[in-house]
Amino acid sequence: MIEIKDVHVTFNKGTPLETKALRGINLTVPEGQFLTVIGSNGAGKSTALNVLAGLAPVESGSVRLDGQDITNWPVHRRARIISRVFQDPKMGTCEDLTIMENFALAHGRTKPRGFRFAIEKDMREKTAERVKVLGLGLENRLDDKVGLLSGGQRQAVSLLMAATGPSSVLLLDEHTAALDPKTADFVLETTRTIVDRLKLTAVMVTHSMAQALSTGERTVMFHRGKIIFDASGEERAGMAVEDLLHLFKKTQGEELSDDSLLLG
Ligand SMILES: Nc1ncnc2c1ncn2[C@@H]1O[C@H](COP(=O)(O)OP(=O)(O)OP(=O)(O)O)[C@@H](O)[C@H]1O
C-alpha cells in the first residue's frame with residue numbers, strides 16, 4: 001500500500017523561479033490497485049511519481065510503502081520495490097544488449113566475467129516463457145539486440161522487465177504517449193494484463209482522459225499541485241470524458257484549457 005500524506009514539493013525555493021509543484025497531496029493506493037492519474041501540463045503528475053521514486057525533494061509530509069516510511073530513502077533503495085516505465089521506449093532497456101541480456105541484467109545476475117556467461121539455461125527458458133505472454137514472437141528473438149525492436153515492442157519489453165523481480169509497485173509515466181495509436185493500444189492492453197496477472201500496485205500518468213477512465217479501477221486528477229478529484233467504483237464506471245470536463249468546471253470554476261487532455 002502506498003500512503004502519501006500532506007506532501008509538499010517546492011522547486012527553487014526562495015528564488016524568483018520558485019514553483020510549488022505539489023501543495024499538500026494526500027493519496028492512499030491500496031495494494032493491488034491500478035490507479036490512473038490525469039491533469040494538465042505542469043499540474044504535478046510527474047513530480048508525484050518522482051516523490052514515489054525518490055527523485056523529488058519532499059519539503060514536508062511523508063511517503064509510506066507497506067507501512068514503512070520511505071520518505072528519505074535514496075533512489076537505489078526504493079528501486080528494488082518500485083519500478084518505472086518512461087515515455088521514451090529507449091529508457092527502459094539497453095539497446096546494445098540482447099533481449100536475454102537485458103533480462104539478465106534486470107535480474108542482477110551480472111558476474112565479474114560478464115553476464116553473457118551467467119545466463120543459465122533455466123533463466124533462458126523462464127525469460128522465453130515470460131516474453132511469450134506479449135504475443136510478439138520475441139521468445140524466438142532472445143539473442144536479438146533490443147535496438148532492433150520497434151518502439152512498441154521495446155516498450156512492451158521494458159514493461160515486462162519493470163514488472164519482473166521483487167518490485168510490487170509499478171509507475172507508468174505516460175508510457176504510451178510516444179507510440180502510434182495502434183501500438184499504444186497494444187502496450188496499454190499488455191499493461192493491463194501484466195498488472196492484473198502479477199497483482200501489482202500500479203500508478204499510471206496519462207494525458208488521455210479516455211485512457212485514464214478505461215484503464216485500472218480509479219482515477220485522480222491533479223491541478224496546480226493538488227488532487228481535485230478522485231473517482232472510483234460506480235461513480236467512475238459511468239463516467240465519460242464530458243463528465244470529467246464538467247466536474248473540472250464545477251470544482252475549479254474555469255474551463256479546462258489543455259488541448260492534449262481534451263483530444264487524448
Ligand atoms: N526539477 C525541476 N525543477 C524546477 N521546476 C520543476 C522541476 N520539475 C518540475 N518542475 C515544475 O513543477 C511543476 C509541476 O511539474 P510536473 O512535471 O510535475 O507536471 P506534470 O503534471 O507532470 O506536467 P506535464 O504533463 O507537462 O508533464 C511545473 O511547473 C514544472 O515546471
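The pLDDT is the predictor's confidence in each residue, on a scale from 0 to 100. The structure is a predicted model, in which local features need pLDDT of at least 70 and side-chain atom pairs count only at pLDDT 80 or more, while totals for chains, interfaces and linings use all residues. Residues are numbered from 1 along each chain as its sequence is written.

**Exercise 1. Confidence**

Task: Find the mean pLDDT of the protein, and find where confidence is lowest and where it is highest.

Solution. Begin with the whole protein, whose mean pLDDT is 88, with 92% of its residues reaching 70 or more. Then go to the elements, where helices (H or I, at least four residues) and strands (E, at least two) are DSSP runs numbered from the N terminus. Confidence is lowest in helix α10 (residues 259-263), at a mean of 55, and highest in strand β1 (residues 2-11), at 98. Over residues 109-115 the pLDDT falls below 50, and beyond near neighbours in sequence this stretch has 12 contacts in the model; a contact here means that the C-beta atoms of two residues, placed from the backbone, lie within 7 Å. Finally, the model scores ipTM 0.97 and pTM 0.89.

**Exercise 2. The sheet of 4 strands**

Task: Give the order of the strands in the open sheet of 4 strands, and say which strands stand at the edges.

Solution. Two strands pair if DSSP finds at least two bridges between them. The order is β2-β1-β4-β5, with antiparallel pairing. β2 and β5 (68-69) stand at the edges with a single partner strand each, so one side of each is left without a neighbour in the sheet. Now follow the pairs across the sheet. β1 and strand β2 (residues 19-29) are joined by 8 bridges, with T10 having K20 in β2 as its bridge partner. Between β1 and strand β4 (residues 60-65) there are 5 bridges, and E3 stands opposite R64 in β4. R64 also has a bridge partner in β5, namely D69, and β4 is joined to β5 by 2 bridges.

**Exercise 3. The sheet of 6 strands**

Task: Describe the open sheet formed by 6 strands and the helix α5 that packs on it.

Solution. The order is β6-β7-β8-β3-β9-β10, and the pairing is mixed. One side of β6 (82-85) and one side of β10 (226-232) lack a neighbour in the sheet, because these strands stand at the edges, each with a single partner strand. Strand β3 (residues 34-39) and strand β8 (residues 201-205) pair in the parallel sense over 4 bridges, and T36 stands opposite M204 in β8. Helix α5 (residues 151-162) packs on the sheet, where it touches β6 and β7 (169-173), and its direction makes about 175° with that of β6; such angles run from 0 to 180 degrees between N-to-C directions, with axes fitted to C-alpha atoms, for helices over the stretch in contact.

**Exercise 4. Surroundings of the ligand**

Task: Name the residues that come nearest to the ligand, and sort the shell around the ligand by class.

Solution. A residue counts as near if its C-beta atom, placed from the backbone, lies within 6 Å. Of the 13 residues around the ligand, F11, A21, K45, S46 and T47 come nearest. β2 and α1 (45-53) are the elements that give two or more residues to this shell, and α1 gives the most, with 3 residues. By class, the shell has 4 nonpolar, 8 polar and 1 charged residues, where Ala, Val, Leu, Ile, Met, Phe, Trp, Tyr, Cys and Pro count as nonpolar, Asp, Glu, Lys and Arg as charged, and the others, Gly among them, as polar.
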